[in-house]
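Please read the following report alongside the sequence and the coordinates. It moves from backbone geometry to a sheet, a helix and a pocket.

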Amino acid sequence: MPDDRSHVDGARVLADLNALRSIGAYKTGVHKPSFSEPHMRSLQWLAQRLPEAGLAATIDGIGNVLGTSAKSGPKLLAGSHLESQNYAGWLDGPLGVVYALEAARVINPDSGTNGAVEVASWCDEEGHFGHFLGSRSYVGAVSEDEIDAARDRTSGKTMRDALRDAGLAGQPRANAERGRHIGYIEAHIEQGETLESGNLKIGVVTSIVGIWQYRITFAGEQNHAGTTRMTVRRDAGLALAQFCVAIDERFPGLSGPRTVWTTGRITLDPGAPSIIPGAAEMLFQIRDEDPAVIDRLEDFLRSMAADVTAQGRCSVAVERLRTGAPAMMDAAFQQAIEAASLAFAAGKSLRMPSGAGHDAQILATIMPAGMLFVPSIGGISHHWNENTADADIVTALLDVPSRQVSRQSVSAVSRSPIVQPPRGASQPAAESVRLLPA
């Protein structure tokens with residue numbers, strides 16, 4: 001099979017990534033929350049470059065950038081996101097978008113390749129206004145009521161106001177055209193240390209974990225911190241702290257090999273130094289790839305709450321806020337990525353699940369999806385010190401847009417019966433949505 005590494009421009013990819021890094025730069029990372037001025041400039045940057053890959057660029061009414069091809073043949077969709085966490089890293093998201101752009105630059109002009117790569121940047125993967133709003137909108141899973149209710153988690157600004165200020169109000173949201181794409185592929189930094197510690201270059205993602213979010217509230221009795229004896233206190237803050245310790249002591253015996261849990265926020269009411277808290281709240285999250293494990297842990301969480309309530313000091317209530325089903329990555333994509341790693345990364349790859357959520361799990365609900373990881377230095381992510389060695393970026397780049405990957409993945413995935421369009425069905429052109437003015 002021909003080797004097209006000479007067509008891949010690693011220096012161009014690094015320059016693109018650094019150009020995006022300069023937009024909204026913060027220390028060694030970036031700060032570009034969804035619909036902020038730096039985020040919108042990043043979307044414009046991408047839209048202006050998509051024609052280099054023979055793609056028509058559009059920005060839809062929820063902030064997705066889509067690059068579509070008029071070339072005949074099967075279409076492979078690739079991408080990630082361009083907004084960031086607050087004051088965070090420069091590669092989380094942009095790496096996958098720029099890889100997709102480079103793959104399209106290499107594959108789309110090649111008359112010897114039947115088909116094209118189309119590029120997507122999904123909006124708000126980082127959850128400033130909701131979870132996976134851009135990719136969920138694309139698959140038809142976001143209602144107008146959800147957009148009406150969405151608020152920025154930091155400022156409280158409504159999403160409608162953010163869309164208006166970004167110039168997107170009134171623009172249509174793009175919908176996936178079923179049967180157009182043979183699948184979706186996304187490259188991403190690992191956001192962990194498994195690859196680096198194992199001297200590995202490519203992570204072949206097997207599945208993306210589900211995320212379940214809970215609000216656990218404690219109701220006690222507010223009273224004076226100096227005059228209330230310890231034996232009669234109904235301290236909601238103490239009950240919360242003891243509950244957290246009990247989780248860490250008892251969950252390991254019920255969890256799976258890769259289950260993780262986190263208490264991400266604790267609030268005490270009224271939160272004053274001389275007042276015993278009468279109420280307390282914790283936001284709690286569980287991640288795993290097996291829903292049965294989550295069911296077992298949630299049942300145990302509720303039984304723990306009932307036991308504390310029965311003791312009579314404080315009552316405890318568990319409310320599930322979010323259910324996130326895990327997603328399995330397509331076997332044909334895994335095989336294609338692994339085969340490419342043999343050619344371009346000396347076989348230094350590992351099949352592994354993703355402990356973080358990604359847009360690929362949303363796209364996997366309507367088409368085959370695959371992901372590959374590149375090493376993260378020190379396993380750091382969601383921080384401005386997030387980084388990946390230039391050499392690792394270029395190595396993984398060769399894993400993505402090579403003719404070997406494109407042809408193998410197209411042929412293997414297109415044979416799958418779940419992506420075959422109905423007999424006689426045509427491939428419709430992408431819905432036209434208005435591009436933001438520069």
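A residue is called buried under 20% relative accessible area, exposed over 50% and partly exposed in between, with a 1.4 Å probe and protein chains only. The model is predicted, so that local features need pLDDT of at least 70 and side-chain atom pairs count only at pLDDT 80 or more, while totals for chains, interfaces and linings use all residues. Residues are numbered from 1 along each chain as its sequence is written, and side-chain values use heavy atoms, with hydrogens and water left out.

Most residues other than glycine have a negative phi, and most peptide bonds are trans. Two residues depart from the phi pattern, as tabulated here with their surroundings; helices (H or I, at least four residues) and strands (E, at least two) are DSSP runs numbered from the N terminus.

| Residue | Phi | Loop | Relative accessibility |
|---|---|---|---|
| Phenylalanine 132 | about 55 degrees | between β6 (116–121) and α4 (133–138) | 5%, buried |
| Histidine 382 | about 55 degrees | between β17 (369–374) and α12 (390–399) | 43%, partly exposed |

A cis peptide bond, with omega of about 15 degrees, joins aspartate 269 and proline 270, and proline 270 belongs to the loop between β11 and β12 (275–276).

Strands are taken to pair if DSSP finds at least two bridges between them. In the order β11-β13-β9-β14, 4 strands form an open sheet with antiparallel pairing, whose edge strands, β11 and β14, each pair on one side only. Between β9 and β14 the antiparallel pairing runs over 7 bridges, and threonine 217 stands opposite alanine 317 in β14.

Helix α3 (residues 94–107) has 14 residues and spans 20 Å from first C-alpha to last, close to the expected 20 Å (1.5 Å times one less than the number of residues). In α3, 14 of the 14 residues are buried.

The largest pocket holds about 1,300 Å³, the space filled by probe spheres set on its grid points, which are joined across faces, edges and corners. On a 1 Å grid over the protein atoms alone, a pocket is an open set of points where a 1.4 Å probe fits, with protein on both sides within 12 Å along at least five of seven lines, and lining residues have an atom within 4 Å of a point. Of its 36 lining residues, Gly127, Arg153, Gln213, Gln285 and Arg322 are the closest to the centre. Strand β13 (279–288) gives the most to this lining, with 4 residues.
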